[in-house]
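Work through the exercises below with the model open. Try each task before you read its solution.

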Amino acid sequence: MEEKLLLNQEAATSRNVKINIYHFLDKFGIFLVLIGMIVIMSILTPFFFTVGNLLDIVRQVSIVGITAIGATIVIITAGIDLSPGSVIGVASVSSALFAQSHEPVILPIIVGIVVGALAGIINGVVITKGKMAPFIVTLAMMTAARGLALLVSGGEPIQALSQTFGVIGGGYLAGIPIPIIIFLIIGVIFHIILTKTKIGKWIYAIGGNEQAAIIGGLNVDRIKIIVYSLAGLLAGVASVILTSRVGSGDPNAGLGYELDAITAAVIGGTSLTGGIGTIPGTIVGALIIGVMNNGLDLLNVPSYWQSILKGVIIALAVFIDSQRHKKKS
């Protein structure tokens, strides 16, 4: 009898250890992946682990990272936004037109952000009031916004921007690139919104079970419009930084950023089925993409191999997400 009790206790202890390891990897596994990649890249190339290169990685990541934060809140509601890359393009040429005319620097900043937010509002209104699938609506916005960017710019980059405007993307504050500071501030703000405010709880509730959220009295349509508007606004912020950094308003700016943003969110643990996701996870996901791109560039790996590897990582992240969803179900 005593032996049987002892065996049962050992089996229970073993199950608890497995559960604890699973929870630890579920919570901190993404951070271990980032640390592992940094160690591997540091071993493979001596140019990787330097202050200058690490700052360059985070500065490059900041633009996609800001876009990825918008993608995260959309995906948590069980939605999807394919338009931020093209929205960045049209917001870029719009803000560049005002930066070119040497107006006060605040004007092109506001124009870029407002254009992004307007695109997000249109997405949200059409999705909720038109009862249309987010995939179709944002795909249409992706096509239309890119066409509008080419129309406004005549297909050519808008150059000769004011030097003051260039400080946003190329300047430093206390030795830290300004885009990194903006990225971190936005990350903290949206982390607080998701974890400490009512609207954050509503966003998770809608993604977890939309019908239950409706029955519970939530104005789901209004919340979704707010979410898509914020995603568009963040694409506008990213466009201002990108335009300032490269010194021109390019109608092709942001090409492919929508996939990088979604990839960063999914790698960071945001579930494509909705209801699950964190801003810190998305930031780490964006850093993983940045470390991978930078490391492979330093190792002179051809771009087509980088694309193949990125595709494999996306497939792996989606597979892990589906397995996690099955276990929780």
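**Exercise 1: the second largest pocket**

Task: Find which helix gives the largest share of the lining of the second largest pocket.

Solution. The largest share comes from α13, with 6 residues. Helices here are DSSP runs of H or I with at least four residues, strands are E runs of at least two, and both are numbered from the N terminus. Next, list the contributors. At least two lining residues each come from α2 (51-76), α11 (257-267), α12 (279-298) and α13 (303-328).

Then take the volume: the pocket holds about 410 Å³ of space. A pocket is an open set of points on a 1 Å grid over the protein atoms alone, where a 1.4 Å probe fits and protein lies on both sides within 12 Å along at least five of seven lines; lining residues have an atom within 4 Å of a point. Grid points are joined across faces, edges and corners, and the volume is the space filled by probe spheres set on the points.

Now look to the centre. The lining has 17 residues, and V64, D260, I289, N293 and K310 are the closest to the pocket centre. Last, sort the lining by class: 8 nonpolar, 7 polar and 2 charged. Nonpolar covers Ala, Val, Leu, Ile, Met, Phe, Trp, Tyr, Cys and Pro; charged covers Asp, Glu, Lys and Arg; the others, Gly among them, are polar.

Two notes on the source apply throughout. This is a predicted model, where local features need pLDDT of at least 70 and side-chain atom pairs count only at pLDDT 80 or more, while totals for chains, interfaces and linings use all residues. Residues are numbered from 1 along each chain as its sequence is written, and side-chain values use heavy atoms, with hydrogens and water left out.

**Exercise 2: two packings of α10**

Task: Describe how α4 and α6 each pack with α10.

Solution. Start with α4 (106-129) and α10 (220-246). Their angle is about 150°, and their axes lie 6 Å apart. Axes are lines fitted to C-alpha atoms, for helices over the stretch in contact; angles run from 0 to 180 degrees between N-to-C directions. The pair is therefore roughly antiparallel. The cut-offs are under 35 degrees for roughly parallel, over 145 for roughly antiparallel, 65 to 115 for roughly perpendicular, and oblique for the rest.

Add the handedness. α4 and α10 cross in a right-handed way. Right-handed means the near helix is turned clockwise from the far one by less than a right angle; anticlockwise is left-handed. The residues of this contact of α4 with α10 split into 12 nonpolar, 10 polar and 3 charged.

Now take α6 (163-170). α6 meets α10 at about 115°, with axes 7 Å apart. α6 and α10 are therefore roughly perpendicular. Their crossing is left-handed.

**Exercise 3: positive phi**

Task: Place A78 and A174, and state the phi of each.

Solution. Recall the background: most residues other than glycine have a negative phi. A78 is not a glycine, yet its phi is positive, about 70°. A78 sits in the loop between α2 and α3 (84-100). Its relative accessible area is 41%, so A78 is partly exposed. Buried means under 20%, exposed over 50%, and partly exposed in between (1.4 Å probe, protein chains only).

A174 has a positive phi near 55°. A174 belongs to the loop between β1 (172-173) and β2 (176-177). At 80% relative accessible area, A174 is exposed.

**Exercise 4: buried or exposed?**

Task: Classify G70, P179 and V246.

Solution. G70 is in α2. With 0% relative accessibility, G70 is buried. G70 and A235 are 165 residues apart in sequence, and their C-alpha atoms are 7.5 Å apart.

P179 is in α7 (178-196). P179 has 1% relative accessibility, so it is buried.

V246 belongs to α10. V246 is exposed at 51%. Its C-alpha atom is 19 Å from that of G52, 194 residues away along the chain.
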